[in-house]
Structure formats: structure tokens, C-alpha cells
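Me: I'm new to this structure and would like a close look at one part of it, the sheet and what packs against it. Could you walk me through that in plain words?

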Amino acid sequence: MAERTVLVTGGTGGLGGAVTTAFLKAGWRVVVPEREGGGTAPAGAGPVRVTSDLLDPEGVARAVAVAAAEPAAPLRAVVNLVGGYASGGLVHETPIEEFDRMLRINLRPTYLVTQAALPHLVAAGGGAVVCVSARAAVAPFPGAAGYATAKAAVQAFANAVAVEYRQRGVRSNTVLPSVIDTPANRAAQPDADHRRWVPPAEIAAVIRFLASDESAPTSGASIPVYGRA
């Protein structure tokens, strides 16, 4: 029987399936919020699924309540994977609505889920928050100012959590992928050298480590997971 729970947002995506599987194999109880009709279960014993809109505080509260509902397996980790990418023109060509959309879908769920989960992590005696930023947060490229800004904000938020909750036993770290080798990315970039991209399972292993007691001394770190890209 699992002795601890992790809440994985975006757990049905290309990276999320690998992260969910990694935690299940390590013996965690895994809770995955999803929109109704979204996603398929990863291989092996499945996670606990809860229908939830992570842009809505009430939906977030419902997901966190499910994650914290098992006293024998307290909520000890949150993995924030939900986000999105859009490219466009240069800054002067990008409508404010598109810029706002990048902030909303990348930062808002991360903030709401972490905010709701923190009291449970503290009550359980401590735990870990892992956020997914992007290489673009520290190395922007043309045509993605909104995305780069949003991912930099995610990184800054994770660092703020690390500072504010250090004395309460909660650690917070960020991983920064480059291009993840998912079917969607291969379809979008069929001519790229996919050998240089990072397999989701390799990033999932880093995330699981950051959520575990093995990484107890580590908080406020931004971990590059670039592969050879």
C-alpha cells in the first residue's frame, strides 16, 4: 500500500504520462486532475483521476482535496506540469491577448495548485513542489516572448516558494527542459534531429528524484534537462 501521495498536474500529456508512471513504479499514490474525457492511463496500476479545471480555484480545491484524502498516504509532493506553448511574431507583432494567454495557462494553474496544496504539505511534516519551466526562461528565442516570460515567472514563483516554506519543511525546485521527445513535438518538427531531444522518461526520473527524500538538501534549484539539444 502506498505511504505517500503525489499530485501530478498535466499527468495525461507526453511528459505527464512518463512522470505518472515513474511515481507509480516507485510506490506512490498518484492523483491526476484532468478535464473530462481527457487522456489515457499510463501503463501499470493506474492513478486516481479527478475531473478538474485547474484554471478555476474551485476545481483546484477539488483536486487537492482528493490528493489529501488518504491519511495513510498523506500528500507529500506536487508536480506542476500543466502549461502550453505558442509561437508568433516579435513583441511588437504579438497581441496582448496572446501574451496574456501564455501567462494564464502556464502560471495560473501552477500558482493555484501550489497555493492549495501547501497547507497539506506542511501538515504532513514537509514535502516537495516541482515545477516545470523551460530552457526558454533563461535562453529566449525570437517569436516566443510570451512563452519565455511565462516560464520565467514559473521559475521565479518556485524560487519564492522555496524561500517562504524552507523553515516549514517544504522544498521547491524547477526543471528546465529544452525540446521533449513527444509524438506531438515530432509531428510539429518532423525534420528535426530527434536524437538530440530528451526522452520523457529521463525527465520523469529527475522529477521523481526531486520529489523524494533522496533530494532532501535541495531546494530553490533550477535543473537543466536539455539532453543534447
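Reply: Let's start with a term: two strands count as paired if DSSP finds at least two bridges between them. With that in hand, here is the sheet in this predicted model. It's an open sheet of seven strands, in the order S3-S2-S1-S4-S5-S6-S7, and the pairing is parallel. In general, strands of a sheet pair through backbone hydrogen bonds, either parallel or antiparallel. At the edges sit S3 and S7 (222-225), each of which pairs on one side only. Going from one strand to the next, the twist averages 20°.

How does that sit in the chain as a whole? The protein chain has six helices and seven strands, and along the sequence they follow the pattern β-α-β-β-α-β-α-β-α-β-α-α-β. Among contacts between residues at least 6 apart in sequence, 68% join residues at least 24 apart. The C-alpha trace spans about 50 × 35 × 35 Å along its principal axes. A compact globule of 229 residues would have a radius of gyration near 17 Å, and the chain agrees with that because its own value is 17 Å. Of those 229 residues, 46% count as buried.

Now let's go in strand by strand, beginning with S2. S2 is mostly covered, with six of its six residues buried. Arg29, Val31 and Pro33 point one way from the strand, while Val30, Val32 and Glu34 point the other way. On one side S2 is joined to S1 by three bridges, and the two strands run parallel. If you want to find a spot where they meet, look for Leu7, whose bridge partner in S2 is Val31.

Hop over to S6 (residues 170-177) and you can do the same with S7. Four bridges join S6 to S7, again running parallel. Here Leu176 stands opposite Pro224 in S7.

Next come the helices that lie on the sheet. H3 lies across S1, S4, S5 and S6, and runs at about 170° to S4. H6 packs on the sheet too, touching S4, S5, S6 and S7, and its direction makes about 165° with that of S6.

H2 (residues 57-67) is worth a stop as well. Its buried residues are Gly59, Val60, Ala63, Val64 and Ala67. They're on the same side of H2 because they cover an arc of only 130° around the axis. What covers them includes S1, S2, S3 (48-51), S4 and H3 (96-123).

So what sits between these pieces? The largest nonpolar core has 26 residues, and those with the most contacts inside it are Val6, Val19, Phe23, Val30, Val79, Leu81 and Ile207. At least two residues of this core come from each of S1 (5-9), H1 (14-25), S2 (29-34), S4 (75-80), S5 (127-132) and H6 (200-211). H1 gives the largest share, six residues. To see one of these residues up close, try Phe23: leaving out residues up to four places away in sequence, it touches Val6, Trp28, Val30, Val79, Ile207, Arg208 and Ala211. There's also a second, separate core of 23 residues, which includes Leu54, Leu118, Val154 and Phe157.

Two loop residues round off the tour. Val82 is in the loop between S4 and H3. Val82 counts as partly exposed because its relative accessibility is 24%, and the cut-off for buried is under 20%. Beyond its neighbours within four places in sequence, Val82 is in contact with Thr9, Gly10, Leu54, Ile105, Asn106, Pro109 and Thr110. Glu58 is 24 residues away from Val82 in sequence, and their C-alpha atoms are 17 Å apart in space.

The other one is His194, found in the loop between H5 (183-188) and H6. Its relative accessible area is 16%, so His194 is buried. Apart from neighbours within four places in sequence, His194 is in contact with Asp181, Arg186 and Gln189.

Key:
Residues numbered from 1 in each chain as written. Predicted model: local features only at pLDDT ≥ 70, side-chain atom pairs only at ≥ 80, totals over all residues. Heavy atoms only, no water. Core = buried A, V, L, I, M, F, W, Y, C linked by side-chain atoms within 4.5 Å. Buried < 20%, exposed > 50% of the residue type's maximum accessible area, 1.4 Å probe, protein only. Contact = heavy atoms within 4.5 Å. Arc of directions from axis to C-beta. Axes fitted to C-alpha atoms, helices over the stretch in contact; angles between N-to-C directions. Rg over C-alpha atoms; globule rule 2.2 N^0.38 Å.
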